[in-house]
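Subject: Structure handover

Hello,

Here is the structure for you to look over. The findings come after it.

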Amino acid sequence: MTRVAPSSSSPRSSRNSSRGGTLLLSPGARAIVQAALREDVSVAELGEMATVDPVFALRVLSVANSAAYSLSRQVSTVQHAASLLGVRGLRNVALGMLVADLVPAAEGATCFLSNCLRRAIAARELAQASGLSSPEDAFFAGLLLEVGLLQQACDDFDSALEVARAPGRHRTVRERAAGFVPHPLMGAQRARELSLPETMVLAIAHHHAPARPEEALAAVCWAAEYVASVLEAGHELRNLRAAEAAADRIGVGADAVHALIARIPTEVGELSRAFDCAAGPASDGRHVNRSADEDLFELHSQYEELIRVGERLLDERDKKTTI
């Protein structure tokens, strides 16, 4: 993982060393991402670009025909798929390839992609439910929320995997305690390298913020982090209550949150198949359910108190180092 103020001579892990910590894309996919950010780009132009790269063209057709997009009829040509997906849909296919390409080819690595897809789906659905003008932009930003952790996995796979498997709300604390750059900051840096809009950079940078961000897209992604975390490690009921509270802050009710959480595992499986990559089983990853006994509940309470103490100590340490 990337440490704070790393030494230029520090050795890199042999795992995924060929990636060099950079965002890799097929030529067609990279061009699509960049072009789709232009205000004057047309669907026809992007469709023409998609036909140049055979790998990207196949992904476009696969996504257009997947249950995840629920289009009304079978699509047989890239141009037709492009017209149905639109500019933002094509850009999201390209970004999905980017994220899938970053997933290390190692045992246990599928949880990285699952985490990314959960947040993308949650962000899109929360954006739609809260009235945000472009749910596809929220999906785009949501896919990148964990990209900093994927980058860290290229340098130190085992440490990054430990963070990825930890409860979502504790991940940045674990990173700071280990002396690593928190993944929201790394992800925001990578977003700037791709010349993404500042609203998306801010959404990535603040998705672990302690309070609701002011900017609308950042607020949706912040709530999506809480919703996705319900399906990951930690105490399910406590995570669910936190997700309900976060969603309420952006105007989305508890019933909508419950319905979204129930859909996410299936949609993760559908999207991973469309992108031709493994994201683990379609079932969710909850580790504790509502029937957990009191001893286990108490253990979680003690663990979270230790996390809060750790956060205070880290804040004090960081303040001292800046004086």
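Below is what was found, from the whole chain down to single residues.

This is a predicted model. The protein chain has 15 helices and zero strands. Of its 323 residues, 52% count as buried. The accessible surface comes to about 14500 Å², and carbon and sulfur atoms hold 53% of that. Among contacts in the chain with a separation of 6 or more, 71% are between residues 24 or more positions apart.

Nonpolar core

The largest nonpolar core has 92 residues. Helix H4 (residues 78–102) supplies the largest share of this core, with 12 residues. The residues with the most contacts inside the core are Phe56, Val60, Phe112, Leu126, Leu143, Val227 and Ile264. In soluble globular proteins, nonpolar side chains tend to be buried together.

Val227 can serve as a way into the core. With its neighbours within four places in sequence left aside, Val227 is in contact with Ala122, Leu126, Ala243, Val257, Leu260, Ile261 and Ile264.

Helices H6 and H11

Helix H6 is mostly covered, with seven of its nine residues buried. These are Asp137, Ala138, Phe139, Phe140, Ala141, Gly142 and Leu143. One of them, Phe140, also has a charge over its ring: the charged end of Arg91 sits there, 4.2 Å from the ring centre.

In helix H11 (residues 198–205), the buried residues are Met200, Val201, Ala203, Ile204 and Ala205. Their cover includes H4, helix H6 (135–143), helix H10 (183–193) and helix H12 (216–229).

His206 and the loop after H11

His206 lies in the loop between H11 and H12. Its relative accessibility is 36%, so His206 counts as partly exposed. Apart from neighbours within four places in sequence, His206 is in contact with Pro213 and Trp222. The C-alpha atoms of His206 and Pro184 are 6.8 Å apart, although the two residues are separated by 22 places in sequence.

Aromatic pairs

How many aromatic pairs are there? The count comes to two. In one of these, the ring centres of Trp222 and Tyr226 are 5.3 Å apart and the planes stand at 75°; the pair is edge-to-face because that angle is over the 60 degrees required. Both residues lie in helix H12, four residues apart, or about one turn of the helix. An α-helix has 3.6 residues a turn, so residues three or four places apart point the same way. Cover differs across the pair: Trp222 counts as buried at 4% relative accessibility, while Tyr226 is partly exposed at 23%. The cut-off for buried is under 20% relative accessible area, which is why Tyr226 falls outside that class.

Cysteines

A search of the whole structure finds zero disulfides. For Cys111, the nearest cysteine sulfur is that of Cys116, 9.5 Å away, and Cys111 is in no disulfide. A disulfide would need the two sulfur atoms within 2.5 Å, so this pair does not qualify. Cys111 has a relative accessible area of 17% and is therefore buried. Cys154 is also buried, at 0% relative accessibility.

Regards

Notes
Residues numbered from 1 in each chain as written. Predicted model: local features only at pLDDT ≥ 70, side-chain atom pairs only at ≥ 80, totals over all residues. Heavy atoms only, no water. Core = buried A, V, L, I, M, F, W, Y, C linked by side-chain atoms within 4.5 Å. Buried < 20%, exposed > 50% of the residue type's maximum accessible area, 1.4 Å probe, protein only. Helix = DSSP H or I, 4+ residues; strand = E, 2+ residues; numbered from the N terminus. Contact = heavy atoms within 4.5 Å. Phe/Tyr/Trp six-rings, centres within 6.5 Å; stacked < 30°, edge-to-face > 60°. Lys NZ or Arg CZ within 6 Å of the ring centre and 35° of its normal. Areas by Shrake-Rupley, 256 points an atom, 1.4 Å probe, with all protein chains shown as cover.
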